[in-house]
Amino acid sequence: MSVKPVSSDVPSLDNISGDLKRLGFTEYEAKVYVQLLGMPPSTAYEISKLAGVPRPNTYSALDSLARRGAVLPVRENPTCYVAARPRELLDAIARQTRSLCTGLTERLEAVTPRTDDQYVWTLRGDSAVHEHIDMLIDRSTETVWIKAADHVLRRHADGLREAAVTRGVRLLIVLFGTNADEFRYTEKCSVYIHENNGVRMGTADNLFTLAVDYREMLTANVEGDVIAAHSKNMPIVTMALSLIRHDYYMAEIFARFGDQIDDAFGPYLRDLRLPSFTPEQVASFRKNTGLGD
């Protein structure tokens, strides 16, 4: 069977090698492993030639890969190697990393002074922010309070469902959207349509606000330049809880007295909002509600 260098067939080889290096592979180990995936049982000489790795470095890489279970010697005289299946290898790395991180977390927490509650941590970028949101939801044990748009919540629906159904976490959601039932996973899930209409009014309503177990919070701008702030500082946590709590109050008040409120203050609280809005917020309000001057 004719075997070609992987680089001629895999345009994303650099990305794959880069990700393997993030998992602790050296550059040569990454090249050898990826090349060997497409080869039958092969000698170090054959692997070296196709991977473009010097032969002495190939021997060293194969020895290291064998110790971590990424390759397996299957024949002797000469020794031939095969690559471990990617899913099996990466699942094993994930388990080992998770176990290591769990143990290391406990040891580091034991020597860390309890001073982090005063800080506000900044996260930037879509992946970093949403991964952090998932982490906060995953470690919740009592309550998760959220104010967010439906399309944002859908990105975290699996974690929210798991928290509610499996761990019995109570969810309180103030929803920008129209279908509250979509997020009512159990009887412990309370979902309120924002101001009983679910319409986002100004730019501030692009924010995602989360409070977990009454102990920590995160608020994020999830559109455009994605950035978030996370804190366990209790005055800030209390402020986030108060924001969500008062929006829940408003949703219930609008559900019962909506017509009277519209008569007194205009649709969408227009007469209250516009005098206090910035020009940018006024423009957003008019666009989202369809209300002119």
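In this predicted model, Asp 271 counts as partly exposed, with a relative accessibility of 42%, and Arg 270, with which Asp 271 forms a salt bridge, is likewise partly exposed at a relative accessible area of 27%. The closest N and O atoms of this pair are 3.0 Å apart. The count of salt bridges comes to 15, and some of them share partners, joining Glu 142, Asp 213 and Arg 215 into one network.

**Salt bridges in different settings**

Three of the pairs are set out below.

| Salt bridge | Closest N and O atoms |
|---|---|
| Asp 63 with Arg 67 | 2.4 Å |
| Lys 147 with Asp 247 | 2.7 Å |
| Asp 271 with Arg 270 | 3.0 Å |

Asp 63 and Arg 67 both belong to helix 4, which spans residues 55–67, and because they are four residues apart there, about one helical turn separates them. Of these two residues, Asp 63 is partly exposed, with a relative accessible area of 43%, while Arg 67 counts as exposed at 61% relative accessibility.

Are Lys 147 and Asp 247, which also form a salt bridge, buried or exposed? Both Lys 147 and Asp 247 are buried. Lys 147 lies in strand 4 and Asp 247 in helix 9, so this salt bridge ties together parts of the chain that are 100 residues apart in sequence.

**Domains and the sheet**

The protein chain is divided into domain 1, covering residues 13–87, and domain 2, covering residues 120–289, and the C-alpha centres of these two domains lie 49 Å apart.

Seven strands make up an open sheet with mixed pairing, and their order across the sheet is 3-9-8-7-4-5-6. At its edges stand strand 3 (120–124) and strand 6 (189–193), each of which pairs on one side only. On average, and with direction ignored, neighbouring strands of this sheet are turned by 15 degrees against each other.

Strand 4, residues 143–149, has a neighbour on either side in this order. With strand 5 it pairs in the parallel sense over seven bridges, and Ala 149 has Phe 176 as its bridge partner in that strand. Strand 7, residues 207–212, runs antiparallel to strand 4 and is joined to it by four bridges; here Trp 145 has Ala 211 as its bridge partner, and Ile 146 stands opposite Leu 210.

From strand 7 the sheet continues through two hairpins. Strand 7 and strand 8 pair in the antiparallel sense over six bridges, with Glu 216 in strand 8 as the bridge partner of Val 212. Three residues lie between these two strands, and Asp 213 in the turn has a positive phi of about 55 degrees; Asp 213 is also one of the members of the salt-bridge network described above. Strand 8 and strand 9 are paired in the antiparallel sense over five bridges, and Leu 218 stands opposite His 230 in strand 9. This second hairpin has five residues between its strands, and Gly 224 in the turn has a positive phi of about 75 degrees.

**Strand 4 and the nonpolar cores**

How many of the residues of strand 4 are buried? Seven of its seven residues are buried, and both of its faces are covered, with Thr 143, Trp 145, Lys 147 and Ala 149 on one side and Val 144, Ile 146 and Ala 148 on the other. In a regular strand the side chains alternate between the two faces of the sheet. Helix 9, residues 234–265, lies across several strands, including strand 4, to which it runs at about 65 degrees.

In soluble globular proteins, nonpolar side chains tend to be buried together. The largest nonpolar core in this model has 34 residues, and those with the most contacts inside it are Ile 146, Leu 153 and Phe 208. Among the elements that each supply at least two residues of this core are helix 6 (126–138), helix 7 (150–153), helix 8 (157–166) and strand 4. Apart from this core lies another, of 21 residues, among them Ala 30, Leu 36, Val 53 and Tyr 81.

Ile 146 brings several of these descriptions together: among the residues that it touches, not counting those up to four places away in sequence, are Leu 153, Leu 160, Leu 172, Phe 208 and Ile 244.

Conventions: Residues numbered from 1 in each chain as written. Predicted model: local features only at pLDDT ≥ 70, side-chain atom pairs only at ≥ 80, totals over all residues. Heavy atoms only, no water. Pairing = 2+ DSSP bridges. Axes fitted to C-alpha atoms, helices over the stretch in contact; angles between N-to-C directions. Contact = heavy atoms within 4.5 Å. Salt bridge = Lys/Arg side-chain N within 4 Å of Asp/Glu carboxyl O. Buried < 20%, exposed > 50% of the residue type's maximum accessible area, 1.4 Å probe, protein only. Core = buried A, V, L, I, M, F, W, Y, C linked by side-chain atoms within 4.5 Å. Domains from an automatic or database assignment.
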